Structure formats: structure tokens, C-alpha cells
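User: Please take a close look at the salt bridges here, one pair at a time. For each pair, state where the partners sit and whether they are buried or exposed, then set the result against the rest of the chain.

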Amino acid sequence: MTVATRATFDGHIAGFGTAEGTRVVVGRWLSSPLGAFTDVMVERSDGTRLLLAPRDDVADLVAATYRFDAVHVVPVGLRADEARRRWRLRAGPLTADLTLGSRTRVGHLLAAVPQNRAIAPLVATVTDPFARLLLEGVRTRGSAGRGRREWYTAGDQHAITAVRALWGSADLGALRPVVPPVRFGFSSVPSTPSVTRVRTTVELTDR
């Protein structure tokens with residue numbers, strides 16, 4: 001018998017590219033079944049997909065939902081300075097300081113999207129055709145790893161206007177779009193570097 005339960009993650013997803021070719025997706029989860037945490041998905045310029053997770057339980061859940069070539073449990077910390085509109089990320093070999101800008105055009109449109117938690121999967125299903133049309137590579141519903149279903153509903157979005165990123169001691173270069181799209185799951189982040197307020201619903205199945 002298959003039993004399905006739905007887990008909800010509330011927080012932000014930041015996505016940005018670099019001149020060196022590395023693309024980064026940061027999940028800053030303020031509320032989840034695992035508590036508050038930050039995880040980082042990295043696709044290097046050679047296509048290698050890495051997960052940087054702060055704990056084993058986070059690594060196990062995320063790696064079972066998305067696809068990676070390697071998973072590393074490392075210290076991960078994110079300090080958000082709301083007044084100065086800065087994010088300071090430290091995740092194993094990755095250091096990234098992000099500068100956030102104004103609300104994007106998409107962010108203004110998202111104000112009209114219902115944010116009721118109970119109907120989040122329905123909202124994601126309705127908005128998926130519009131996301132596909134407006135944002136290349138972006139999907140708001142699909143099948144995740146191990147047959148899990150997943151829905152994204154967004155409530156706001158702000159531009160990332162600058163980044164200073166290092167991999168170890170190597171400078172990853174200036175801010176660039178997320179091109180080509182990242183390949184961790186059925187959806188990429190928007191190609192324009194941004195931080196999106198998001199609710200992710202994942203359907204977990206126990207057989």
C-alpha cells in the first residue's frame with residue numbers, strides 16, 4: 001500500500017549565474033518539516049551538479065527529490081541583512097555575497113497570486129502554463145525524484161544586482177544570467193538573477 005503525505009517548505013529561492021560558468025541555487029527555508037535551514041545546489045561550468053547541505057537529514061531529503069552528481073554535508077550559513085539588502089552565504093567551498101535590488105516585474109504580478117497554503121498545489125497547477133510562457137525553463141509543477149510530485153507557488157521576487165562569489169580561492173567572476181538552465185529537477189530558476197519568495201509542496205510516498 002502506498003501512503004502519500006505532503007511536506008511544505010516556506011522561504012526563498014535565489015538563483016544566479018557567474019562569468020566563470022557556475023550557476024547557483026540557494027534555498028533559504030524559514031519553515032519546513034526539518035526546521036529552518038539553508039541548502040545550496042551548484043552546477044559547475046563543466047556540468048557537475050553538487051548539493052551542499054548543512055545536515056544529513058537535509059541531504060537525504062533533498063538528494064531523494066533532486067538529481068546530483070555529488071552530495072556534500074558541510075557548514076552552511078546565510079546571513080540576510082534586510083536593511084542593506086545583502087545576503088552573505090558561506091557553504092563549504094562556496095562564498096557568495098549578494099546585493100538585492102528592487103521588486104521585479106514578475107514580483108509585482110505575483111502580488112495577485114493567492115497565497116493560501118491549503119490550495120497551493122491547485123494554484124501551482126493553474127499558474128504553470130503562464131510560468132512556462134513567461135519564464136524559460138521554469139515550471140511550477142512536475143514530478144520530482146523517486147516519483148514524488150512537487151508544486152511551487154511564488155509570492156514575491158526581487159532582482160539580484162551584484163554578486164561576489166568564490167569557489168575556494170577562485171573568483172567565479174561577475175554576475176550573469178542562469179544560462180543554460182540548471183538541471184537538478186523538472187524546473188530551473190528564472191534566467192534573470194533573482195530572489196523569489198516561494199512555497200514548495202512535495203508529496204512524499206511511503207510504500
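Analyst:
**Salt bridges and their surroundings**

By the distance rule applied here, the count comes to 13 salt bridges. The model is a predicted one, and side-chain atom pairs enter only at pLDDT 80 or more. Three pairs are taken in turn below.

The pair Arg28 and Glu82 has its closest N and O atoms 3.7 Å apart. Arg28 belongs to strand E2 and Glu82 to the loop between E6 and E7, so this salt bridge links distant parts of the chain, 54 residues apart. The two ends differ in exposure: Arg28 counts as buried because its relative accessibility is 17%, under the 20% limit, whereas Glu82, at 54%, counts as exposed because that value is over 50%.

The setting of Arg28 is in line with its burial. Of the 9 residues of strand E2 (residues 23–31), 7 are buried, so the strand is largely enclosed by the rest of the structure. E2 pairs with strand E3 (residues 37–43) in the antiparallel sense, over 7 bridges. Within that pairing, Gly27 of E2 has Asp39 in E3 as its bridge partner. The two strands form a hairpin with 5 residues between them, and Gly35 in the turn has a positive phi of about 85 degrees.

On the Glu82 side, the loop between strand E6 (76–81) and strand E7 (86–91) also holds Arg85. Phi of Arg85 is near 55 degrees, a positive value in a residue other than glycine. Arg85 counts as partly exposed at 34% relative accessibility.

The second pair is Asp69 with Arg49, where the closest N and O atoms are 3.4 Å apart. Asp69 lies in the loop between H1 and E5, and Arg49 lies in strand E4 (residues 49–53), so the salt bridge ties together parts that are 20 residues apart in sequence. Asp69 counts as partly exposed, with a relative accessibility of 48%. Arg49 is buried, its relative accessible area being 13%.

Arg67 is another residue to consider around Arg49. Arg67 is placed in the loop between helix H1 (56–65) and strand E5 (70–73). The C-alpha atoms of Arg67 and Arg49 are separated by 7.7 Å, with their positions 18 residues apart along the chain. Leaving out residues up to four places away in sequence, Arg67 touches Arg49, Arg183, Phe184 and Gly185. At 47% relative accessibility, Arg67 counts as partly exposed.

The contacts of Arg67 lead to a later loop. Pro180 is located in the loop between strand E12 (175–176) and strand E13 (194–206). Val179 and Pro180 are joined by a cis peptide bond, with omega about 0 degrees.

The third pair is Arg149 and Glu203, whose side chains meet in a salt bridge of 3.0 Å, N to O. Arg149 is in strand E10 and Glu203 in strand E13, so distant parts of the chain are linked, 54 residues apart. Arg149 counts as partly exposed at 40% relative accessibility, while Glu203 is buried at 12%. Salt bridges that share partners join Arg6, Arg149 and Glu203 into one network.

Strand E10 also holds Glu150. Glu150 counts as buried because its relative accessibility is 1%, under the 20% limit. Two polar contacts involve the Glu150 side chain: one of 2.3 Å to the side chain of Tyr66, and one of 3.2 Å to the side chain of Tyr152.

Past the end of this strand, Ser169 is in the loop between strand E10 (149–167) and strand E11 (170–171). Ser169 is exposed, with a relative accessible area of 77%. Ser169 and Pro93 are 76 residues apart in sequence, yet their C-alpha atoms are 8.5 Å apart in space.

For the chain as a whole, there are 3 helices and 13 strands. Of its 207 residues, 49% count as buried. Among contacts with a separation of 6 or more, 59% are between residues 24 or more positions apart; the salt bridge of Arg28 with Glu82 spans 54 residues, as does that of Arg149 with Glu203. The accessible surface comes to about 10200 Å², and carbon and sulfur atoms hold 54% of it.

Definitions and conventions: Residues are numbered from 1 along each chain as its sequence is written. This is a predicted model: local features need pLDDT of at least 70, side-chain atom pairs count only at pLDDT 80 or more; totals for chains, interfaces and linings use all residues. Side-chain values use heavy atoms; hydrogens and water are left out. Helices (H or I, at least four residues) and strands (E, at least two) are DSSP runs, numbered from the N terminus. Buried means under 20% relative accessible area, exposed over 50%, partly exposed in between (1.4 Å probe, protein chains only). Contact means heavy atoms within 4.5 Å. Accessible areas come from the Shrake-Rupley method with a 1.4 Å probe; for residues, only the protein chains shown count as cover. A polar contact is a pair of N or O atoms within 3.5 Å; within protein, one must be able to donate a hydrogen and the other to accept it, and residues adjacent in sequence count only if both atoms are side-chain atoms. Two strands pair if DSSP finds at least two bridges between them. A salt bridge is a side-chain nitrogen of Lys or Arg within 4 Å of a carboxyl oxygen of Asp or Glu.
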